[in-house]
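Hi,

Here's the structure I promised to pass on. Have a look at it first, and then read my notes below.

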Amino acid sequence: MQRHVILVFIAALAGWLLAACAGGALLTDVSVTPQTITPNADGIEDVTRISYHLNDSADLSIYIEDTAGNRHYFRDNRRRSAGDYGVDFSGVVNGAMLPDGDYTWVVEAVDDSGNTARQSGPLSIRQADTTRPELQGFSVYPKTFTPNQDGINDRVDINYYLTKEADVLVYLIAPDGETRYPIAEVERDIKPGEPGFHTYDYEGGVDLGAEPPPDGRYTVFAEAVDRVGNRTVVTDTLTIQEGGVPRADIVSASVDFYNPLTGDTVVPLGQTLAFTLTVENFGSVPIRTNGPPSGTAYRSDENFNTKGAFQSSGTWRVGIDYEGNPSYAYPYRWSLGSLDVLEKRVINGNDEYFLMPGQRAIVTGTIQILDVPADKDTVNFWAGLIHEDVRIDAFNDHVDPTPIIIGF
Ligand SMILES: [Ca+2]
Ligand SMILES: [Ca+2]
């Protein structure tokens with residue numbers, strides 16, 4: 001009796017080994033449920049569950065075959081180790097919904113010896129939403145930009161009209177083809193993902209103090225995926241030049257205030273206060289400046305506006321301010337050095353002047369004191385390095401306050 005049981009066991013073992021060697025047991029427990037899907041994002045039978053078990057490592061493919069014999073690969077030769085697997089199929093292959101119809105699903109595994117195991121069955125698709133989301137009028141402007149907060153071509157506008165509710169990602173791909181930089185949408189009445197006009201305002205991250213992506217030619221991708229998985233990708237190009245966070249300071253935080261007649265810090269009413277300081281661009285990008293030029297003489301009742309040199313977003317200037325100033329800060333301003341030491345560029349028909357990376361410039365100027373700024377004999381004067389409409393760094397504000405004796 002016992003001998004008989006052992007014989008049966010050996011026979012069963014032999015049969016199992018035979019099946020394994022023949023590859024018949026490589027792929028087991030395959031099921032596709034349900035057999036009909038209606039992929040229209042109504043939450044009812046929008047996907048079918050494909051489950052299978054691998055008894056050994058294999059290259060696995062899943063494809064859907066139409067009645068004409070065309071294979072639509074959902075998974076193509078993916079490496080899989082032994083184990084249980086399950087994946088949802090929504091009717092979408094390569095970002096496009098298969099049209100309504102009757103299909104055959106096929107799960108196919110090829111082991112390392114080249115043995116193929118295959119199982120198949122019917123799959124019907126009904127009420128499929130085959131409409132792809134479109135990104136109409138996709139535009140990137142300008143095509144070249146310089147994200148460096150100099151007020152010229154610092155930003156890029158990216159726009160499109162989305163035709164259908166979808167998740168949209170917009171990002172740059174670097175020249176290496178891999179590194180990705182996401183771009184955030186500007187919040188508007190039309191929420192992200194809703195049909196309608198969408199806009200993105202990109203400054204390379206510089207406004208948050210981050211270094212922008214390195215200079216180079218990038219591909220802008222906009223990728224829309226609707227609720228059932230239809231996917232649309234549009235691309236354009238964008239070149240980044242002279243990108244970076246601008247950095248400059250007043251060298252040694254030192255300002256030399258003096259009366260040119262005497263060389264000391266006594267400036268009686270009617271006489272002139274002069275200053276000299278040095279500015280350095282210690283960053284990696286040019287910084288823009290404008291007039292009045294270094295050396296310009298002010299009267300104390302003038303300011304840079306009365307000189308016709310209005311505030312200009314992104315420009316850098318040296319300013320002088322004083323204790324008891326009743327008006328806005330730094331009313332007396334000068335360019336970073338005389339124009340002949342700066343780099344001149346013609347941009348959009350205008351002459352623009354730049355202090356280049358690593359460059360230093362001496363800034364001088366005078367203020368004729370016509371009245372007592374405060375009800376005091378001695379008034380503190382100081383300098384600042386102003387990045388107009390952007391910021392004054394703490395180390396560039398209120399630099400080297402110096403008591404000037406005015407009254408007697
Ligand atoms: Ca459905
Ligand atoms: Ca710029």
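**What I found**

Residues 24 or more positions apart account for 68% of the contacts in the chain with a separation of 6 or more. Keep in mind throughout that this is a predicted model.

**The overall picture**

Let's start with the whole chain. What is it built from? One helix and 30 strands. Its radius of gyration is 36 Å, well over the 22 Å that the globule rule gives for 408 residues, so the chain is more spread out than a compact globule. You can see that in the C-alpha trace too, which spans about 130 × 50 × 35 Å along its principal axes.

What about the surface? About 20100 Å² of the chain is exposed, and 50% of that comes from carbon and sulfur atoms. Buried residues make up 45% of the 408 residues. The chain carries 30 positive and 58 negative charges, and the mean positions of these two sets are 5 Å apart.

**One sheet to look at**

Now pick out the open sheet of five strands, which run in the order β2-β10-β9-β4-β5 with mixed pairing. Which strands sit at the edges? They are β2 (36-37) and β5 (71-80), and each of them pairs on one side only.

Strand β4 is a good one to follow. On one side, β4 (residues 58-65) pairs with β9 (residues 101-110) in the antiparallel sense, over seven bridges. Two pairs of partners you can click on here are I64 with W105 and D59 with V110. β4 also pairs with β5, again in the antiparallel sense and over seven bridges. There, Y63 stands opposite Y73 in β5.

How covered is β4? Six of its eight residues are buried. As background, side chains in a regular strand alternate between the two faces of the sheet.

Then look at how the chain gets from β4 to β5. The two strands form a hairpin with five residues between them, and G69 in the turn has a positive phi of about 90°.

**Some unusual backbone spots**

A bit of background helps here: most residues other than glycine have a negative phi, and most peptide bonds are trans. With that in mind, here are four places to check:

- N77 has a positive phi, near 55°, although this residue is not a glycine. N77 is in strand β5 and counts as partly exposed, at 49% relative accessibility.
- S252 is another non-glycine residue with a positive phi, in this case near 60°. You'll find S252 in the loop between β19 (248-250) and β20 (256-258), and at 65% relative accessibility it counts as exposed.
- T33 and P34 are joined by a cis peptide bond, with omega at about 0°. P34 is in the loop between β1 (27-33) and β2.
- The peptide bond from G291 to P292 is also cis, with omega near 5°. P292 belongs to the loop between β22 (287-289) and β23 (297-299).

**Two buried loop residues**

Finally, try these two residues. Is N396 buried or exposed? At 0% relative accessibility, N396 counts as buried, since the cut-off for buried is under 20%. Its place is the loop between β29 (378-387) and β30 (399-405). What does N396 touch, leaving aside its neighbours within four places in sequence? It is in contact with A248, D249, I250, W316, A383, G384 and L385.

The other residue is P133, in the loop between β10 (116-125) and β11 (135-141). P133 is buried as well, with a relative accessible area of 0%. Leaving aside neighbours within four places in sequence, P133 is in contact with L162, T163, K164, A166, A224, D226, N230 and T232.

One last distance, if you'd like to try the ruler tool: the C-alpha atoms of P133 and V341 are separated by 55 Å, and these two residues are 208 residues apart along the chain.

Have fun exploring, and write back with any questions!

Definitions and conventions
Residues numbered from 1 in each chain as written. Chains lettered and ligands numbered in written order. Predicted model: local features only at pLDDT ≥ 70, side-chain atom pairs only at ≥ 80, totals over all residues. Heavy atoms only, no water. Helix = DSSP H or I, 4+ residues; strand = E, 2+ residues; numbered from the N terminus. Rg over C-alpha atoms; globule rule 2.2 N^0.38 Å. Buried < 20%, exposed > 50% of the residue type's maximum accessible area, 1.4 Å probe, protein only. Contact = heavy atoms within 4.5 Å. Areas by Shrake-Rupley, 256 points an atom, 1.4 Å probe, with all protein chains shown as cover. Lys, Arg positive; Asp, Glu negative; His and termini not counted. Charge placed at Lys NZ, Arg CZ, Asp CG, Glu CD. Pairing = 2+ DSSP bridges.
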